[in-house]
Amino acid sequence: MLSIRTALIGATAVALSLFAVADAKKQKPPSTRMQDDLLEVLVYAAMSVIISEGLSWFFVYRTERFRAKINKINDLGEQLAEAKEKEALGVEAKKKGQSAAAIESDLKSEAQGLQMTKMIPTLLTAASMIMSFKIVGGSFDGKVVARIPFEPMLLAKGLAGRGLPGDAEPTDGGYAFVLVLVSTTLRTMVQRILDVNPTKSATVQQSPFGQLADANKKNN
């Protein structure tokens with residue numbers, strides 16, 4: 001009986017605290033309330049990224065198979081860059097399989113395999129974003145949570161005004177804008193810390209822009 005009574009007293013105290021916080025929030029000026037809303041959206045975005053990337057690290061990123069693919073792609077990227085430099089200088093490969101074309105083919109194959117390995121993290125990212133929009137949207141739909149220092153253009157303008165009433169200012173930012181911006185930025189930082197993407201040199205070698213640059217060098 002004592003434990004039940006203690007639990008009831010604790011639940012009552014928590015409920016009264018929540019009501020007090022909600023009432024205090026209503027009495028705050030609009031600018032302060034907007035800062036509180038922005039902070040809550042930031043917390044939701046950070047939690048979404050940490051949970052999804054944490055699960056991705058546990059199931060995929062830390063495995064030997066994934067690390068081996070990343071290392072293989074990085075090595076092939078370095079080999080391809082070296083092979084292209086030799087071809088540019090007119091040095092022919094002496095051994096079979098050392099030509100730039102052969103290395104580039106291996107690099108593309110390994111990159112496709114890496115994308116398949118990243119299927120689980122991709123699904124986790126999509127699920128976390130859907131859940132975040134559902135949870136945050138239920139609480140902040142129609143509320144201005146940020147002031148953008150400039151008027152957004154094109155797609156950013158539609159994203160910034162998503163979930164806001166039609167009479168909102170062009171520089172008003174809704175929860176969707178903050179959620180996408182913070183989640184994307186924070187996810188990039190976390191993935192860089194976890195080292196889950198190939199090096200920049202390997203990425204450039206297999207990109208269309210890198211191939212175009214190589215073609216221009218050959219023509220020159």
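Me: I would like to begin with a single residue, so what relative accessible area does D195 have?

Reply: D195 has a relative accessible area of 41% and is therefore called partly exposed, since that label covers values between the 20% under which a residue is buried and the 50% over which a residue is exposed. Please keep in mind throughout that this is a predicted model, and that every value we discuss is computed from it.

Me: Where in the chain does D195 lie, and what is the sign of its phi?

Reply: D195 belongs to the loop that joins helix 7 (175-194) to helix 8 (200-205). Its phi is positive, near 55 degrees, although the residue is not a glycine, and D195 follows helix 7 in the chain.

Me: How does the length of helix 7 compare with the expected span?

Reply: The 20 residues of helix 7 reach 28 Å from the first C-alpha to the last, which is close to the 28 Å expected at 1.5 Å a residue. Two other helices can be read in the same manner. In helix 4 (residues 100-117) the 18 residues should span 26 Å, and because the end C-alpha atoms are 25 Å apart, the two values agree. In helix 3 (residues 64-88) the 25 residues should span 36 Å, and the end C-alpha atoms are indeed 36 Å apart.

Me: Which residues of these helices are buried?

Reply: For helix 7 the buried residues are Y175, A176, F177, V178, L179, S183, R187 and Q191. In helix 4 the list is A100, I103, E104, L107, A111, G113, L114 and T117, so that a charged residue such as E104 can be found beside the others. In helix 3 the buried residues include F66, I70, I73, L76 and L80, together with K69 and K84. Over the whole protein, buried residues make up 28% of the 220 residues.

Me: What does helix 2 contact, if I take A45 and S48 as examples?

Reply: Both residues have their place in helix 2, as can be seen for A45 and for S48, where the helix is given as residues 30-61. A45 counts as buried because its relative accessible area is 0%, and S48 counts as buried because its value is 8%. When neighbours within four places in sequence are left aside, A45 is in contact with L179, V182 and S183, while S48 is in contact with S128, M129 and S132. A45 and S128 are 83 residues apart along the chain, yet their C-alpha atoms are separated by 9.3 Å. For the protein as a whole, among contacts between residues at least 6 apart in sequence, 72% join residues at least 24 apart.

Me: How are aromatic pairs described, and how many does the structure hold?

Reply: In general, a pair of aromatic rings is described by the distance of the centres and the angle of the planes. This structure holds 3 aromatic pairs. One of them is formed by F58 and F59, with 5.2 Å from centre to centre and 90 degrees between the planes, an edge-to-face arrangement. Another is formed by Y61 and F66, whose centres are 5.2 Å apart and whose planes stand at 50 degrees, so this pair is tilted. F58 is partly exposed, at 43% relative accessible area, whereas Y61 is buried at 3% and F66 is buried at 0%.

Me: Which rings does R62 lie over?

Reply: The charged end of R62 sits over the ring of W57, 5.8 Å from its centre, and R62 also lies over the face of F58, at 4.5 Å from the ring centre.

Me: Which parts of the model have the lowest and the highest mean pLDDT?

Reply: Where pLDDT is low, the predicted coordinates should not be read in detail. Among the elements here, helix 1 (residues 2-27) has the lowest mean pLDDT, 44, and helix 5 (residues 119-140) has the highest, 93. Over residues 1-28 the pLDDT is below 50, and this stretch has 7 contacts in the model beyond near neighbours in sequence. The mean for the protein is 78, and 74% of its residues reach 70 or more.

Me: How many helices and strands does the protein have?

Reply: The protein has 9 helices and 2 strands, and they follow the pattern α-α-α-α-α-β-α-β-α-α-α when read along the sequence. Its accessible surface comes to about 14800 Å², of which 63% belongs to carbon and sulfur atoms.

How values were computed: Residues are numbered from 1 along each chain as its sequence is written. This is a predicted model: local features need pLDDT of at least 70, side-chain atom pairs count only at pLDDT 80 or more; totals for chains, interfaces and linings use all residues. Side-chain values use heavy atoms; hydrogens and water are left out. Helices (H or I, at least four residues) and strands (E, at least two) are DSSP runs, numbered from the N terminus. Buried means under 20% relative accessible area, exposed over 50%, partly exposed in between (1.4 Å probe, protein chains only). Contact means heavy atoms within 4.5 Å. Rings of Phe, Tyr and Trp (its six-membered ring) pair if their centres lie within 6.5 Å; planes under 30 degrees apart count as stacked, over 60 as edge-to-face and the rest as tilted. A charge sits over a ring if NZ of Lys or CZ of Arg is within 6 Å of the ring centre and within 35 degrees of the ring normal. The expected span of a helix is 1.5 Å times one less than its number of residues. pLDDT is the predictor's confidence in each residue, from 0 to 100. Accessible areas come from the Shrake-Rupley method with a 1.4 Å probe; for residues, only the protein chains shown count as cover.
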